[in-house]
Amino acid sequence: MLLLFCTAMGQSHGLQFLSHEVVQEKRTSLNLTPSEPFCIKENTEISFDISFSPDMETYFGYVVRIVTKDNQNIDIVYNQRLLNFNFVIGENFSVVFTVEQARLYGQWNNFKIQFAGPAKDPCFYLNNKLIARGKLKPGSNACSRICFGASDLAGFQTVDIPPMRIKDIRINDAGKPVYFYPLSESTGLQATDDIRNQAAIVKNPVWIKPRHQNWQAVNNFATRGSASIAFNARTETLYVITEDTLYKLAVKNMQLASTPLSARHDSLLPGNQSLYSTFTNKLYNFYIDQQKVSIYDTTNRRWTQNFTPALLTEFWHANKFFSTLDTSLYIFGGYGQLHYKNQLQRYAVNTGKWETVITSGGEVSPRYLAAVGLNAQGDTAYILGGYGSKTGDQTINPRYNYELAAYDIKRKTYSHILQLQEPALQFCFANSLIIDSATRNYYALTYPIDRFNSSLQLIKGSLHSPVYEIMADSIPYPYHDIESYADLFYCPVSKKLVAVTLFSARHSSTEVKVYTLDFPPNIPETAKQATNGMPGYWPYALAALLVVSAGASYYYMRRKKAIVAQAPRQVATAYVPPAESIATAPAQQTPVYAAGEKKQEALLQLFGGFEAFDKSGTNITKQFTPLLKELFLLILVYSYREARGITAEKLYEILWHDKPLKDAKNNFSVNVVKLKTILEKVGECHIGKESGKWKFEVTNDSIYTDYQEYMSLIGNISATDKAAIMRLADIVGKGAFLTELHYNWLDDIKADISSQVIDKLLGYIVTADTAAEAEFIIRLCNCIFLFDQLNEDALKYKCRSLVTLGRHGMAKEAWLKFSKEYRENYGEEVTTSFKEITGVE
């Protein structure tokens with residue numbers, strides 16, 4: 001009986017906007033008010049979720065434009081050069097804010113514009129944190145047109161839009177829903193409001209929902225001989241290895257390139273397999289029976305060795321993985337000559353030695369047609385399912401296997417994890433298992449082997465429970481045992497699953513088919529599957545959901561309780577949006593920032609320049625005269641830096657060194673009174689003398705000070721703690737410490753902070769996954785440049801990350817700009833070329 005795990009998981013949906021990658025008339029627009037303007041009331045809210053599409057060259061443009069009846073514009077615009085957004089009202093108000101790059105490209109972010117109070121002051125919120133507050137002109141008519149992306153609003157036309165995704169647009173009045181556009185359509189040029197059935201008009205839409213539900217056939221070609229495949233997850237390149245050509249399919253743009261070999265790989269035997277290691281950056285082709293591994297020589301366009309002509313392999317459909325722990329290629333299982341295998345073979349890349357690994361712990365039965373995948377740490381390989389027998393002999397009770405086992409690479413031990421419920425209609429697995437270490441879920445392709453016209457079906461399961469669910473639609477798969485092969489890969493930057501099928505006609509030619517699906521996948525629509533005549537047995541499998549036995553449910557609950565009791569707790573780290581730098585604006589229109597865990601409106605900012613905001617969010621920086629500013633900063637900085645404060649004698653020496661002691665004391669007393677008067681407006685704080693030293697203290701967490709958070713963070717931060725590094729980047733990403741001020745006493749402090757910041761950020765960068773975290777690495781490099789604009793390490797990692805994302809032009813531009821500044825400052829050329837840094841011209 002088939003046991004499916006159905007959750008209340010939401011489907012991926014939304015609208016993807018075609019941007020600078022297409023000509024102007026093909027770009028996407030969404031007009032919420034095609035016929036009549038929407039009249040904004042007191043406390044009206046317009047919110048939506050947004051993320052950016054990865055791997056694009058140009059990101060500049062307008063996210064949304066709101067234009068009132070008297071032609072006042074409220075815009076959100078992305079500035080690609082500075083990697084930030086602008087919240088704009090008319091021509092006199094513009095505020096800068098940023099979204100952490102990894103979050104901007106990898107997660108949904110909620111933007112909200114609220115029209116607060118009787119004056120309908122536009123306030124901007126990022127992920128429910130107040131960022132800015134501006135004003136409309138007095139007496140404005142707030143009935144407005146609302147347009148996302150390309151705009152044809154009279155007088156406010158634009159075709160500059162970032163490549164973005166938008167979903168769940170909500171318009172509320174005083175907290176009550178008025179309109180809700182989920183953008184969950186699959187086709188058409190209209191988006192429907194779920195509350196009043198109003199229609200918004202869409203031009204050139206790319207609907208997201210079907211891209212997470214329907215596999216897209218992206219390439220189909222034939223090759224000579226018995227081809228095999230490998231995948232480079234870092235560059236998201238699929239390799240197809242043939243006897244005379246190496247094919248490379250770039251998933252980012254679906255461009256297929258072919259490189260003729262300088263010497264034929266004539267002995268590419270049926271059953272050969274291939275693997276690309278991002279650890280060694282090499283492509284391997286191997287034939288298990290002869291224990292031979294051939295390496296592709298990119299310079300000479302040839303393989304290092306051929307295989308000896310032989311009979312058919314005894315290791316059909318064996319599984320493989322590469323371990324960075326011991327720089328070795330591992331091969332598990334396989335089938336041939338009427339025998340299933342459970343050998344674990346190891347090829348050490350550094351020594352060229354091939355051996356059978358002696359394992360301990362639980363026993364893994366002989367099998368083939370299983371799925372194998374590594375966890376993120378690379379220390380555990382998971383083996384799921386397959387077909388075989390306990391003895392390995394095909395003549396003695398062969399059967400399907402639904403065990404999930406784990407192999408500990410360090411300890412060389414197997415362990416049983418769980419047993420899937422046996423389905424009513426049996427299936428096997430494509431070669432690879434995709435492990436999502438963050439959620440402890442896995443993804444695999446399954447298919448029946450009792451028919452030629454089979455189909456691949458994606459499932460999602462858990463490493464903690466024996467249940468799974470069907471995802472997306474199916475892929476046609478001609479299955480004829482040794483003539484067929486299927487595999488599954490994941491693209492960490494493009495966030496796509498890639499499925500590949502091979503079908504070899506008597507091994508004289510191979511048909512290669514490639515399919516992609518946006519990640520995460522959607523659960524398929526049951527009704528649609530039941531009526532669309534889908535090949536294979538999956539409609540019946542879905543029907544089996546209705547007849548899951550009570551015994552299976554009881555087993556699952558018992559098993560779940562046991563696993564929960566044993567499993568380590570997963571601690572989620574809450575994202576805290578950055579307190580960003582504030583653009584110059586009239587005092588009454590200054591934005592209010594929320595920082596840290598609490599929603600504080602009082603702010604003392606030292607990174608990116610000194611600024612102070614009172615309880616109401618008004619910028620009061622100008623109330624600090626030059627003398628009051630330096631006096632206050634001396635007390636504040638030494639309060640947090642020394643944790644004890646600063647003596648009056650040192651203050652006299654720094655600020656009034658040219659005056660008699662009596663005059664210095666008088667000046668100090670007068671200015672402390674003035675300073676306290678200003679600080680009363682900021683929040684609950686105190687300046688006073690304690691143990692002979694003057695200190696600044698905040699009570700009740702009423703004031704956020706970025707330097708205070710920096711000091712509490714920097715001493716305890718680990719180079720591998722991403723959450724802490726993200727928070728550090730939020731703080732220092734606004735700019736260098738007190739960048740506009742130049743005091744003699746401040747020079748050493750600035751130097752210490754610069755050194756600390758650069759060391760911590762580079763410490764994280766050098767250990768980061770350059771493929772999965774390219775955007776975050778770029779952000780960290782930009783932070784480093786704020787403290788050291790000629791840091792060569794930051795240049796190297798930024799350019800490499802840009803190339804990883806396919807932004808070669810931006811990488812070259814960054815290198816050229818750095819080279820020019822380096823030459824102007826040092827009078828010599830930068831020591832490394834662009835090609836040496838990135839590996840490209």
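Glu403 is buried, with a relative accessible area of 11%. That puts Glu403 on the buried side of the line, because buried means under 20% relative accessible area. Keep in mind as you look around that this is a predicted model.

So where does Glu403 sit? You'll find Glu403 in strand E34, which covers residues 399–408. The side chain of Glu403 makes a polar contact of 2.9 Å with the side chain of Arg367. Arg367 also turns up among the residues that Glu403 touches, once you leave out those up to four places away in sequence. Others on that list include Ile383, Leu384, Gly385 and His416.

Now hop over to helix H9, residues 722–732, where Met726 is found. Is Met726 buried or exposed? Met726 is buried, at a relative accessible area of 18%. Here's a nice one to check on the structure: Met726 and Glu100 are 626 residues apart along the chain, yet their C-alpha atoms are separated by 7.8 Å.

Next, the nonpolar cores. The largest one has 145 residues, and Leu30 and Ile76 are the two that touch the most other members. Take Leu30: setting aside residues up to four places away in sequence, Leu30 touches Phe17, Ile146, Phe148 and Val202, among others. There is also a second, separate core of 45 residues, with Tyr335, Ala406, Leu458 and Tyr479 among its members.

On to the cysteines. How many disulfides are there? The count comes to one. That disulfide joins Cys39 to Cys143, with an S to S distance of 2.0 Å. The pair ties together distant parts of the chain: Cys39 is in strand E3 (residues 38–39), Cys143 is in strand E12 (residues 143–149), and the two are 104 residues apart. The torsion about their S-S bond is about 100°, so the disulfide is right-handed.

Here is how four of the cysteines rate for exposure:

| Cysteine | Relative accessible area | Class |
|---|---|---|
| Cys39 | 37% | partly exposed |
| Cys143 | 15% | buried |
| Cys491 | 0% | buried |
| Cys799 | 0% | buried |

The two disulfide partners land in separate classes: Cys39 counts as partly exposed, whereas Cys143 counts as buried. What about Cys799, which is in no disulfide? The nearest cysteine sulfur to Cys799 belongs to Cys781 and is 8.8 Å away. A disulfide needs a pair of cysteine sulfur atoms within 2.5 Å, so Cys799 and Cys781 don't qualify, with 8.8 Å between their sulfurs.

How values were computed:
Residues are numbered from 1 along each chain as its sequence is written. This is a predicted model: local features need pLDDT of at least 70, side-chain atom pairs count only at pLDDT 80 or more; totals for chains, interfaces and linings use all residues. Side-chain values use heavy atoms; hydrogens and water are left out. Helices (H or I, at least four residues) and strands (E, at least two) are DSSP runs, numbered from the N terminus. Buried means under 20% relative accessible area, exposed over 50%, partly exposed in between (1.4 Å probe, protein chains only). A polar contact is a pair of N or O atoms within 3.5 Å; within protein, one must be able to donate a hydrogen and the other to accept it, and residues adjacent in sequence count only if both atoms are side-chain atoms. Contact means heavy atoms within 4.5 Å. A nonpolar core is a set of buried Ala, Val, Leu, Ile, Met, Phe, Trp, Tyr and Cys residues joined through side-chain atoms within 4.5 Å.
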